[in-house]
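Reader: I have a fold in front of me and would love a friendly tour of it. Could we start with the aromatic rings and then move on to the sheet?

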Amino acid sequence: MKKLEFSRASFVGAALESKHFPHLRTEHGKILPEIAIAGRSNVGKSSLINHLVRTSGIARVSSSPGKTQTINFYSVEDELLIVDLPGYGYAKVPHKLRKEWGHWISDYFLTRKELKAVLLLLDIRRTPCEEDIAMATWTAQQKKPLVFVFTKTDKATDHEKQRFAESALQAFSHLKGVGSFPHIFYSIHEKTGRDQLICKLNDLLKVL
């Protein structure tokens with residue numbers, strides 16, 4: 001697979017049920033691999049996608065957490081699909097809707113053979129929640145590559161970033177090999193982390 005620069009991207013579509021998920025192929029007929037982005041509401045998934053692909057507004061950013069209510073698919077250079085999963089853990093979202101999101105996300109994971117890796121976004125200032133731990137646990141059990149991406153790192157000093165990250169990663173210490181899971185510090189405001197994340201994603205895609 002060619003090295004991706006993440007310089008061109010487009011919105012493919014949104015769905016909830018697996019029968020509506022897109023199935024895209026390269027010009028050579030190979031089905032596109034997928035990288036899923038997961039995290040709690042207001043962790044900055046949409047902002048990170050926009051910054052990563054340098055396409056302002058491709059992913060809708062809202063000041064109200066819980067607005068991503070579908071599974072959204074984005075094509076990167078016609079070689080990769082980025083999949084934005086509904087955010088979780090936001091109390092003001094109705095309980096019934098939170099349960100439905102859980103079902104949809106589970107359905108995606110269980111039926112999507114194209115899924116190759118998961119980016120788990122974590123707010124550098126917050127302790128991982130139960131859903132974060134469940135997401136990481138499932139990913140590890142399915143033997144999918146997992147990358148922790150700490151967002152909003154401009155809100156912390158360099159010393160605090162290391163301390164907060166070490167503390168947060170302790171929540172995942174039960175996972176076999178958790179020490180080998182890479183983590184990246186990402187700040188949109190400081191324009192840091194993009195190159196490192198692109199490098200990591202290309203490394204993951206090399207083995208496909």
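Reader: How many aromatic pairs does the count come to?
Author: Happy to help, and please keep in mind that this is a predicted model. Rings of Phe, Tyr and Trp pair if their centres lie within 6.5 Å. By this rule, the number of aromatic pairs is seven.

Reader: Are the planes of phenylalanine 11 and tyrosine 74 stacked, edge-to-face or tilted?
Author: The two ring centres are 5.5 Å apart, with the planes at 55 degrees. Stacked needs planes under 30 degrees apart and edge-to-face over 60. The angle falls in neither class, so the pair is tilted.

Reader: How many residues apart in sequence are the parts that this pair ties together?
Author: Phenylalanine 11 belongs to strand β1, while tyrosine 74 sits in strand β3, residues 71-76. The pair therefore ties together parts whose separation in sequence is 63 residues.

Reader: Is tyrosine 74 buried or exposed?
Author: Its partner, phenylalanine 11, has a relative accessible area of 43% and is partly exposed. For tyrosine 74 the relative accessibility is 4%. Buried means under 20%, so tyrosine 74 counts as buried.

Reader: Which strands stand at the edges of the sheet?
Author: The open sheet has seven strands in the order β1-β3-β4-β2-β5-β6-β7, with mixed pairing. An edge strand here has a single partner, so one of its sides is left without a neighbour in the sheet. That describes β1 (9-15) and β7 (183-185).

Reader: Which residue in β7 does phenylalanine 148 stand opposite?
Author: Strand β6, residues 146-151, runs parallel to β7, and three bridges join them. Across from phenylalanine 148, the residue in β7 is histidine 183.

How values were computed
Residues numbered from 1 in each chain as written. Predicted model: local features only at pLDDT ≥ 70, side-chain atom pairs only at ≥ 80, totals over all residues. Heavy atoms only, no water. Pairing = 2+ DSSP bridges. Helix = DSSP H or I, 4+ residues; strand = E, 2+ residues; numbered from the N terminus. Phe/Tyr/Trp six-rings, centres within 6.5 Å; stacked < 30°, edge-to-face > 60°. Buried < 20%, exposed > 50% of the residue type's maximum accessible area, 1.4 Å probe, protein only.
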